Amino acid sequence: MVSLLYTILIVLLVLLACIILFLFLKVIQLMIGRRRVSIELDGKRYESFPSPGFVKSLSILPVIDYYSSNRELKTEAGVSYLIKADDTSIMMDVGYNARREHPSALLHNMRVLGKNISDIDMIFISHIHLDHVGGMREQREKTFSLSQGSVDIGSIPVYAPGRLNPSRWNPDPLVEEIREPRIIMPGIASIGIIQRFLFMAGYIEEQSLAINVKGKGVVLIIGCGHQTIERIIERTRMLFTEPIYAIIGGLHLPVNGGRIMIGPLNLQGIVGSDRTPFRGVNEKDVARAIEVIKREDVRLVSLSPHDSSDWSIDRFKDAFKERYIHLRIGEEIGI
């Protein structure tokens, strides 16, 4: 009996030592990574777009997210938006499809909403995380998929913030890597990649979509906001002389709850922070995000629930009142 207890104690001590060593190495990696990002971003300046152009009308239809307006629509902790800018149809991100289904929730929801894959003119990938490129395998292999079966989407352009290949299920799209700010079409732009180093997820490069709407200003459509809203706004103000009219999408604020919980452990809060786990995303981050957006006098705000908690969403609703719009699958946001 004593021998058994001694063995268990040794195993526990070894396990504890491994955990401590792992955390120590991750903290060192985080410090090095944050320094790398600081060097990459320090002093980086861009001239404003000389002629960004504009669109006359814009709508954003969530087809994948955490909440929906209709029980027929499938939800998940992923993102895909169908964006209509004048006559151009853009799919931003392609969801999660955690169960690797065919048809995926994305295809199912598009069918329910009366939308056709063949009508899409381009795909815009915000960043190469599993909940935006179609799954864990896609993230690992640097591919993207709309479903786990054949999807004929044609040879449309895909704008990605890094090396990315179409999967075997949708092999025809042509991927262009975007590093710097770029006008994709008149009035439609990428603000370019903004780097960040996260405690668990490591080095990440994310871009946001900026659409200049005539007579209103720039609408920012954001995937996860890992870049931080401060840096997104700072970059946008470099590139456009027009005001920021709307901010729509994810800002990764899983505070006081999250969409991926293991008991009391909030995985989103750990994965999505550039601080150590005990100093992860917190209430001060939510307050700071609200303050930064308010300073820009943004007229419309809509926060994705896929990576922000209900607590954070309630804070945004209280702060922006009539300027706030719920983001739910099937509810079109018109600008």
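1. Let's start with the helix pair. In this predicted model, helix α7 (residues 283-295) and helix α8 (residues 310-320) have axes that come within 11 Å and cross at roughly 30°. That angle makes α7 roughly parallel to α8, because angles under 35 degrees count as roughly parallel. The crossing of α7 past α8 is right-handed.

2. Now for who touches whom. On the α7 side, the contact uses Glu283, Val286, Ala289, Ile290, Ile293 and Lys294. From α8 come Trp311, Ser312, Arg315, Phe316, Ala319 and Phe320. Sorted by class, this contact has eight nonpolar, one polar and three charged residues.

3. Next, the empty space inside. How many cavities of 30 Å³ or more are there? The count comes to one, and the largest cavity holds about 50 Å³ of space. Its lining is made up of Glu76, Val94, Gly95, Tyr96, Asn97, Ser104, Ala105, Leu106, Gly134, Ser145, Leu146 and Ser147. Those lining residues divide into five nonpolar, six polar and one charged.

4. A backbone point to look at: which peptide bond is cis? The one from His102 to Pro103, with omega near 0°. Pro103 sits in the loop between β3 (88-92) and α2 (105-112).

5. One more backbone detail, this time at Lys142. Its phi is near 60°, a positive value in a residue other than glycine. You'll find Lys142 in the loop that runs between α4 (136-141) and β5 (143-144).

How values were computed. Residues numbered from 1 in each chain as written. Predicted model: local features only at pLDDT ≥ 70, side-chain atom pairs only at ≥ 80, totals over all residues. Heavy atoms only, no water. Axes fitted to C-alpha atoms, helices over the stretch in contact; angles between N-to-C directions. Helix = DSSP H or I, 4+ residues; strand = E, 2+ residues; numbered from the N terminus. Parallel < 35°, antiparallel > 145°, perpendicular 65-115°, else oblique. Left-handed = near helix turned anticlockwise from the far one by under 90°. Contact = heavy atoms within 4.5 Å. Nonpolar A, V, L, I, M, F, W, Y, C, P; charged D, E, K, R; others polar. 1 Å grid on protein atoms, 1.4 Å probe; cavity = no way out; pocket = protein on both sides within 12 Å on 5 of 7 lines; lining within 4 Å. Points joined across faces, edges and corners; volume = space filled by probe spheres on them.
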